[in-house]
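Reader: Please choose one part of this model and examine it closely, and then show what it leads to. I should be grateful for a connected account that explains each term as it appears.

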Amino acid sequence: MTYKLSETPVLPATVQKRKKPPLGLGRALIGAEEEALVLEVLRSGHLFRYSYDLPPEEQGRMAATLEKEVREKLSVRYALAVTSGTAALEVSLAALQVGPGDEVILPAWSWISCFTAIVRLGALPVLAEMDENFSLAPGEITRLATHRTKAVLIMHYQGAAADIAPLIEEAAKAGIAVLEDCAQSPGTFYHGKAVGTFGDIGTYSFQAQKCITSGEGGMIVTNDARLYERAVRLHDLGLYRAHHSTIQAPVDNSFCGGQYRMSELTAAVALAQFRKLDAIRSRCRTLRDRIMHRISDLPGLSFRKIPDPSGETGFEIYFSLPTPELARRFNEQLEIRNINCSRMTGTYVQYAKDYCLKRNTYTESASPFRHFQEWPAPGYRPQDFPRTEGLMRRFISLPLGVLYSDDDADYIADSVVAIHAWLFNEET
């Protein structure tokens, strides 16, 4: 069967448009639970996690409780709350001893912090192709690893796990560490195991656009005692305070760290939000299933390949069209019908962004790019990523808000079906 594209410039004026439903996941559910925990912190007067006028066992109740509940839910030995997802990446990379002269492999399609966290440590980001799941493509670790490669950053994109098992195997064969960036995927599992717990260390984000939010905030998880101690020291000026000693006795000496401690106010909001994660996941999966039941078999639409659909959070639906022009026209018609279809993460190809195009750093002497004679060098040009270029210009994103109604989901499905019928004329 072939398809003849419609030449009709616009959809009929008779289309009955609904008002756009409210976007948002955790931030749409901020309410009495968050308020109660924040008020508890304010009334205590102890906004700083390590309050000096309290014994260690009473310090940082919100942050400590958040970490405890994360450990239990993810079945991981250690969790550390920090100020942001970006901070979590920087601390984790430093815990892995990534530094000047090292290389870190990451997907070219990723969030700004995945790239800049590596650069800020003086290491070279090595860009890799993505696959049809919008994650690191299999084979890229093997292709790109060198004797300078210290780690690979695997991003679990927008509520669905990367195909992590073969990637872990590739990294092990190459002898490099694995950092899992789960900023966009709390509540996501891969064959029953939480993302972030497969590699050496994992990170989460609680920024406003993420699945759960405290405005800003992040979490580091690991099963490695030494990485935990290093992360604690790196996030707190090289210190290792009494609370953490009750979880894991220290073995390292102090060293120069940064300051990425989560406040009790942030932890209070994050804790209330974390307790809502299952409800958010359940609602989004219900909405996704309702829509996919109607559209998954439409010819000409190639849906994102999810390695483990049962573990997906389900808050965004992706499909690709045969050409960029067709994707543009499809997206245009979704907008006409008041369908939310904007990309929610700000994820993009790193080689097209100004900080990469100009290879700027806060000081040239710290730049990992300074040895390149010409720029953009191979590995930082669009033509070096044909697979990524092809995918990122042809996809449609349908974000789902936790407050969407069943009628909203049905309207989305009706609209996709109608646009598809209008845009594709079947020919036998």
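Author: Ser75 lies in the loop that runs from α2 (61-74) to β2 (78-82); helices (H or I, at least four residues) and strands (E, at least two) are DSSP runs, numbered from the N terminus. The model is predicted: local features need pLDDT of at least 70, side-chain atom pairs count only at pLDDT 80 or more, and totals for chains, interfaces and linings use all residues. Residues are numbered from 1 along each chain as its sequence is written, and side-chain values use heavy atoms, leaving out hydrogens and water.

The backbone at Ser75 deserves attention. Most residues other than glycine have a negative phi, and most peptide bonds are trans. Ser75 has a phi near 55°, a positive value although the residue is not glycine. A cis peptide bond is found between Trp375 and Pro376, with omega at about 0°. Pro376 belongs to the loop that connects α12 (354-357) with α13 (386-392).

From Ser75 the account passes to Leu74, with which α2 (61-74) ends. Leu74 is one of the residues lining the largest cavity, a set of points on a 1 Å grid where a 1.4 Å probe fits but cannot get out, lined by residues with an atom within 4 Å of a point. Val70, Pro186, Gly187, Tyr204, Phe206, Ile212, Met219, Phe274 and Leu277 also belong to this lining. Nine of the lining residues are nonpolar, one is polar and none is charged (Ala, Val, Leu, Ile, Met, Phe, Trp, Tyr, Cys and Pro count as nonpolar, Asp, Glu, Lys and Arg as charged, the others, Gly among them, as polar).

Two of these lining residues, Phe274 and Leu277, lead on to helices. Phe274 is the last residue of α9 (residues 264-274), which packs with α1 (residues 32-44) at about 155°, their axes being 8 Å apart; axes are lines fitted to C-alpha atoms over the stretch in contact, and angles run from 0 to 180 degrees between N-to-C directions. The two helices are therefore roughly antiparallel (under 35 degrees is roughly parallel, over 145 roughly antiparallel, 65 to 115 roughly perpendicular, the rest oblique). On the α1 side, Glu33, Glu34, Leu37, Val38, Val41 and Leu42 are in contact with Glu264, Leu265, Ala268, Val269, Leu271, Ala272 and Gln273 of α9, contact meaning heavy atoms within 4.5 Å. This contact of α1 with α9 comprises nine nonpolar, one polar and three charged residues.

Leu277 begins α10 (residues 277-295), which packs with α14 (residues 406-423) at about 30°, with the axes 9 Å apart. The angle is such that α10 is roughly parallel to α14. Arg283, Leu287, Arg290, Ile291, Arg294 and Ile295 form the α10 side of the contact, while α14 contributes Asp406, Ala409, Asp410, Ile412, Ala413, Asp414, Val416 and Val417. Eight of the residues in this contact of α10 with α14 are nonpolar, none is polar and six are charged.

One further pair may be set beside these. Helices α3 (residues 85-95) and α7 (residues 225-235) pack at about 125°, with axes 9 Å apart, and α3 is accordingly oblique to α7. Val91, Ala94 and Ala95 of α3 meet Leu227, Arg230, Ala231, Leu234 and His235 of α7. That contact of α3 with α7 consists of six nonpolar residues, one polar and one charged.

Notes:
1 Å grid on protein atoms, 1.4 Å probe; cavity = no way out; pocket = protein on both sides within 12 Å on 5 of 7 lines; lining within 4 Å.
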